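Here are some short exercises to work through with the model open beside you. Try each task before you read its solution.

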Amino acid sequence: MPVHPLAAEQAIAHYADLYDSAPVGYFRLDRNGTIIEANLTGAGLLGVTRASLHRKRLEEFISIDMHASFNAFLKEVFHSDSKETCELRFLDSDRKAFFAHLEANADKERETCRLVLCDISDRKQAELSLIESEERFRLMADSAPVLIWITGPQRDYLWFNRMWLDFTGRPLEDELGDGWTDGIHPDDIPACINAHAAAFRSRHPFTLEYRLRNRNGQYHTMLAHGVPRLSPLGRFLGYIGTCTDITERKKMEDALQHSREMLRHLVSHQERVREDERKRIARELHDDLGQNLLALRIDVAMLHDRTRTHSRLNDRVRLALSHIDATMKAVRAAINNLRPTVLDLGLNAAIEWQVQDFQRRSGIQCELHMEDDIILDDNRATALFRILQESLNNVIRHAKASHVEISLATVNGKLYLQVADNGIGIYPDCRRKANSFGLIGIEERIIALGGDLDIESDPRDGTTLTVSIPLDAA
């Protein structure tokens with residue numbers, strides 16, 4: 001069926017319009033790169049009219065430093081059966097530069113070629129910005145005072161900064177992949193690998209300590225921090241992290257820990273010496289002063305009986321006798337403050353006496369729950385008694401309580417002492433106060449016994465102090 005001339009003209013006009021308004025530039029060039037034909041978009045990209053392009057060489061709009069690249073590209077187009085591509089920097093009529101992607105293939109006769117020109121300035125600028133950003137990052141990372149590393153999504157290490165390479169004394173290619181693990185202390189490798197595997201599974205930040213060998217063959221303790229890298233769309237790209245040399249800090253921590261242990265040993269030793277001295281003084285007061293006072297009282301009591309016929313003398317003797325009784329009472333109180341003699345009867349008896357004495361002195365109601373016949377060596381029994389004594393003193397001084405419940409029980413080879421009051425509780429920072437010597441003393445005694453201290457406090461429910469110590473001395 002013949003095509004109507006008007007319809008043919010309309011179709012040609014339609015395709016011509018599509019050709020001219022395409023989002024890319026279309027050109028037809030001869031072997032010398034002379035422009036034979038161009039669409040409106042192509043002329044617009046070059047900043048000229050389409051008519052002015054006729055018989056001009058496309059090379060005139062290309063940056064001079066890229067003429068050789070363009071001529072090589074054009075030569076390849078006319079000698080190849082496939083489409084060729086390249087990227088060049090162009091200059092429009094105002095000498096304003098832009099980057100373009102070129103695709104071209106020769107016609108069958110190989111006398112002309114069809115060329116598509118696409119402005120890629122935005123993409124090129126983004127690539128250049130990315131390159132500059134990466135260069136700035138590498139410059140910053142290489143000058144950072146810490147070891148920096150980057151991994152891929154499969155736990156493969158992709159890059160290490162200059163500080164890392166200077167520290168290990170190994171070239172970058174030896175550290176890539178899992179080569180860096182050659183420098184880890186053999187004892188730390190399993191924990192290090194497991195920690196990395198767990199982090200890559202969870203894709204969460206992680207912190208890890210391990211020993212890394214330096215260029216002199218010495219191991220330094222490193223604190224590694226890693227955070228996940230994500231693409232703008234949220235795709236996991238791996239980790240970026242740092243390693244900080246904390247060898248000196250670890251030495252200081254070890255020295256501080258050793259110093260604390262020595263101080264605690266000293267405190268424990270001083271406490272034992274103090275208890276021994278208290279025991280000695282209490283025994284001397286009891287055996288010497290107590291016995292002498294008792295003998296003196298017997299003599300004065302006899303004198304009091306024999307002076308009944310002399311009222312004035314008898315009154316003086318009775319006054320002396322009352323002074324002796326008061327002195328004996330004060331001596332007994334001093335002996336109990338130094339070391340209650342009831343401790344010699346066992347821990348159970350000592351605690352019962354202490355609870356009764358506490359109720360008498362404070363007027364606070366006490367409830368005691370205690371297993372029978374708890375046997376401890378003298379040092380540990382005395383320490384536990386002092387802990388209870390100090391805890392009850394704290395209740396009197398601070399708790400404003402009306403009721404205290406005390407329990408003593410053995411569970412799974414440990415002895416548990418619990419003191420619970422219904423007072424106003426303890427402020428959270430009370431234990432950290434410089435003058436809170438009562439709690440500090442309790443804590444130090446418990447640590448010396450190899451035990452644990454737990455304090456629960458609430459203004460509405462009061463305070464519960466729980467002490468646990470091994471039944472057998474270490």
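Helices (H or I, at least four residues) and strands (E, at least two) are DSSP runs, numbered from the N terminus. The model is a predicted one, so local features need pLDDT of at least 70 and side-chain atom pairs count only at pLDDT 80 or more, while totals for chains, interfaces and linings use all residues. Residues are numbered from 1 along each chain as its sequence is written, and side-chain values use heavy atoms, with hydrogens and water left out.

**Exercise 1.** Place T168 in its helix, decide whether T168 is buried or exposed, and list what T168 touches.

Step 1: T168 belongs to helix α6, which covers residues 162–168.
Step 2: Buried means under 20% relative accessible area, exposed over 50%, and partly exposed in between (1.4 Å probe, protein chains only). T168 has a relative accessible area of 8%, so T168 is buried.
Step 3: A contact means heavy atoms within 4.5 Å. Leaving aside residues up to four places away in sequence, T168 touches E175, L212, R213, N214 and R215.

**Exercise 2.** Work out the strand order of the sheet that contains β1, and find its edge strands.

Step 1: Two strands pair if DSSP finds at least two bridges between them. This open sheet has 5 strands in the order β2-β1-β5-β4-β3, and the pairing is antiparallel.
Step 2: Each of β2 (35–38) and β3 (84–91) has a single partner strand, so one side of each is left without a neighbour in the sheet.
Step 3: Axes are lines fitted to C-alpha atoms, for helices over the stretch in contact, and angles run from 0 to 180 degrees between N-to-C directions. With direction ignored, neighbouring strands here are turned by 30° against each other on average.
Step 4: For one pairing, look at strand β1 (residues 25–30) and strand β5 (residues 112–119), which run antiparallel and are joined by 6 bridges. Within this pairing, G25 stands opposite L117 in β5.

**Exercise 3.** Describe the sheet that contains β15, then the helices that lie across it.

Step 1: This is an open sheet of 5 strands with mixed pairing, in the order β11-β12-β13-β15-β14.
Step 2: β11 (365–370) and β14 (452–458) are the edge strands, each pairing on one side only.
Step 3: The average turn between neighbouring strands of this sheet is 10°, direction ignored.
Step 4: Strand β13 (residues 414–421) and β15 run antiparallel, joined by 7 bridges. L417 stands opposite V467 in β15.
Step 5: Now add the helices. Helix α11 (residues 347–362) lies across β11, β12 (403–411) and β13, at about 170° to β11. Helix α12 (residues 378–399) lies across β12, β13 and β15, at about 15° to β13.

**Exercise 4.** Stay in this part of the model and describe the surroundings of T466.

Step 1: T466 is found in strand β15 (residues 462–470).
Step 2: The relative accessible area of T466 is 18%, so T466 is buried.
Step 3: Not counting residues up to four places away in sequence, T466 touches Y416, L417, Q418, D452, L453 and D454.
Step 4: A polar contact is a pair of N or O atoms within 3.5 Å; within protein, one must be able to donate a hydrogen and the other to accept it, and residues adjacent in sequence count only if both atoms are side-chain atoms. The side chains of T466 and Q418 make such a contact, at 3.1 Å.

**Exercise 5.** Find the aromatic pairs and classify the one formed by F137 and W159.

Step 1: Rings of Phe, Tyr and Trp (its six-membered ring) pair if their centres lie within 6.5 Å; planes under 30 degrees apart count as stacked, over 60 as edge-to-face and the rest as tilted. Across the whole structure, the search finds 14 aromatic pairs.
Step 2: F137 and W159 are 5.8 Å apart centre to centre with 50° between the planes, a tilted pair.
Step 3: This pair links distant parts of the chain, 22 residues apart: F137 sits in helix α5 (residues 121–143) and W159 in strand β7 (residues 157–160).
Step 4: F137 is partly exposed at 24% relative accessible area, whereas W159 is buried at 10%.
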